[in-house]
Amino acid sequence: MRQLPEADRDAIRIAQDPMFVRWLEQITATGGCSHPVHLTGSTTTLDGVTGEILHHYDTRHEPGERLLVRCRNRRATVCPTCSRLHAGDTFHLVRAGLTGGKNVPTTVRHRPRLFITLTAPSFGPVHRAGEDRCRPRRDGGTCEHGRPLGCGTFHAPNASMVGQPLCADCYDYSAHVLWHAHAGKLWDRFVIGVRRQLASSAGLVQSRFPAHARLSFARVAEYQKRAAVHVHAIVRLDGPNGPADEPPTWGTAELLIDAVRASARRVLVRTPYSPAVGELALSWGTQVDARQLNTDGDGPGDDAVAAYVAKYVTKGASDTGAGTDYPLTSWGDIELAPVSVQVRTLMTTCWRLGGLPEYEPLRLRAWAHTLGYRGHILTKSRAYSTTYAALRAERAHHMGHVDIPAAITNHHWRYISSGHTSGAALIAVGIAEDLATAREIARDELGSRGRM
Ligand SMILES: [Zn+2]
Ligand SMILES: [Zn+2]
Ligand SMILES: [Zn+2]
């Protein structure tokens with residue numbers, strides 16, 4: 001026993017516990033989550049009318065007097081199992097808004113639906129990968145810091161140079177992080193602008209727009225090589241009551257594309273005045289892509305788009321190299337972060353600007369690990385489709401947890417800790433793998449029956 005690695009000895013200790021079988025059930029219920037949350041507490045369900053106790057559950061009878069629940073982390077680097085589940089939910093959530101299902105009518109597939117990409121503007125030239133030379137310049141020339149203005153190299157996509165500025169002293173790091181900090185506002189203004197543009201093309205007073213049509217979207221943020229966020233979004237036009245309602249006859253995909261382009265061009269957000277930085281006028285980059293998704297619906301296009309969006313939500317900042325998955329709490333954290341020079345400079349810029357009173361509301365230090373970008377990777381409007389909560393409830397229902405309507409439930413829960421001991425982690429990984437294999441077999445069987 002002494003010779004065994006610590007994790008194995010721990011696993012054996014767990015397996016010898018009289019409540020091991022129940023513990024295993026818990027771990028299986030979390031899908032083999034690698035960072036489960038440990039809870040203690042009880043739930044009592046009372047009959048709403050008679051006050052009779054219908055169900056009582058208490059963690060006192062569980063192994064270690066605790067219940068393990070999923071961490072629900074979306075990042076594959078943090079928890080592969082929960083990340084896979086989250087990606088699956090995202091896929092269904094996005095897909096339902098494109099083709100219907102999950103309580104969304106299938107008629108949505110005939111609506112004007114676009115896939116759009118909005119980019120950040122340039123904050124200074126960076127090295128580019130691709131078929132062409134990076135930044136060829138016939139006349140050569142140098143910047144005020146004596147560095148070449150051009151670059152005649154062909155860079156491979158994974159070259160470390162790619163995304164790094166040609167001159168770090170010319171690069172506008174302040175604008176870059178302030179743009180990230182205002183990206184949410186830029187998006188909100190963009191959506192307002194699209195509505196406004198549609199209303200004016202239809203000859204409507206703006207305030208009357210909601211009586212005629214409704215704009216729904218799901219958007220996802222992605223870090224580019226230069227560590228600037230860009231936004232992919234699905235935009236759909238419905239009638240005033242959302243998914244169940246036909247859009248007005250004037251509401252065509254062409255008109256929607258024009259409105260998207262016009263709004264992206266026009267949006268302007270001003271940063272608060274700062275004696276150090278001044279006042280910046282922030283806008284979207286000039287590269288705006290807006291394309292119509294196929295109108296006949298269930299072609300491969302919709303699934304591909306849904307899968308594309310779902311893929312992004314599993315990526316943490318660390319996967320793309322544009323930050324870390326954990327907040328940075330000191331200057332020392334920034335110095336130790338495993339990131340490129342460009343990303344580290346953006347982090348220190350967040351830290352520096354975050355100390356200025358005029359930028360306090362932007363919470364740049366708290367978001368230094370995401371380079372000033374606050375907020376969710378996936379955002380959607382209310383009427384777009386279903387919700388993560390509804391998808392989770394549906395899954396719980398399939399797994400046999402019964403909802404009792406007209407009942408009152410009292411919850412008393414307390415967080416104890418999270419994570420696994422080394423031995424428990426070993427067992428959880430095994431369970432996660434078994435479940436993945438089982439899923440693959442089920443998929444193959446479905447496939448051989450020609451359903452996929
Ligand atoms: Zn997890
Ligand atoms: Zn280059
Ligand atoms: Zn320079």
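The legends below describe four close-up views of a predicted model.

**View 1. Helix H9 and the helices it packs against.** Helix H9 is made up of the 14 residues 341–354, and because a rise of 1.5 Å a residue gives an expected span of 20 Å, the 19 Å between its end C-alpha atoms agrees with that expectation. The buried residues of H9 are Gln342, Val343, Thr345, Leu346, Met347, Thr349, Cys350 and Leu353, and these residues pack against helix H4 (173–181) and helix H8 (331–336).

**View 2. Ala310 in helix H7.** Ala310 lies within helix H7, which covers residues 300–313, and counts as buried because 21 C-beta neighbours fall inside 10 Å, where the cut-off for burial is 20 or more. Leaving aside residues up to four places away in sequence, Ala310 touches Ala87, Thr90, Phe91 and Val94. Ala290, which is 20 residues from Ala310 in sequence, is 19 Å from Ala310 in space, C-alpha to C-alpha.

**View 3. Glu65 in the loop between strands S2 and S3.** Glu65 sits in the loop that runs between strand S2 (53–58) and strand S3 (67–69), and its phi is near 55°, a positive value in a residue other than glycine. Glu65 is exposed because 12 other C-beta atoms lie within 10 Å, and a residue is classed as exposed at 12 or fewer.

**View 4. Leu371 in the loop between H9 and strand S10.** Leu371 is found in the loop between H9 and strand S10 (378–380), with a phi near 65°, which is again positive in a residue other than glycine. Leu371 counts as buried, because it has 28 C-beta neighbours inside 10 Å.

Key
Residues are numbered from 1 along each chain as its sequence is written. Chains are lettered from A and ligands numbered from 1 in the order in which they are written. This is a predicted model: local features need pLDDT of at least 70, side-chain atom pairs count only at pLDDT 80 or more; totals for chains, interfaces and linings use all residues. Helices (H or I, at least four residues) and strands (E, at least two) are DSSP runs, numbered from the N terminus. The expected span of a helix is 1.5 Å times one less than its number of residues. Two residues are in contact if their C-beta atoms, placed from the backbone, lie within 7 Å.
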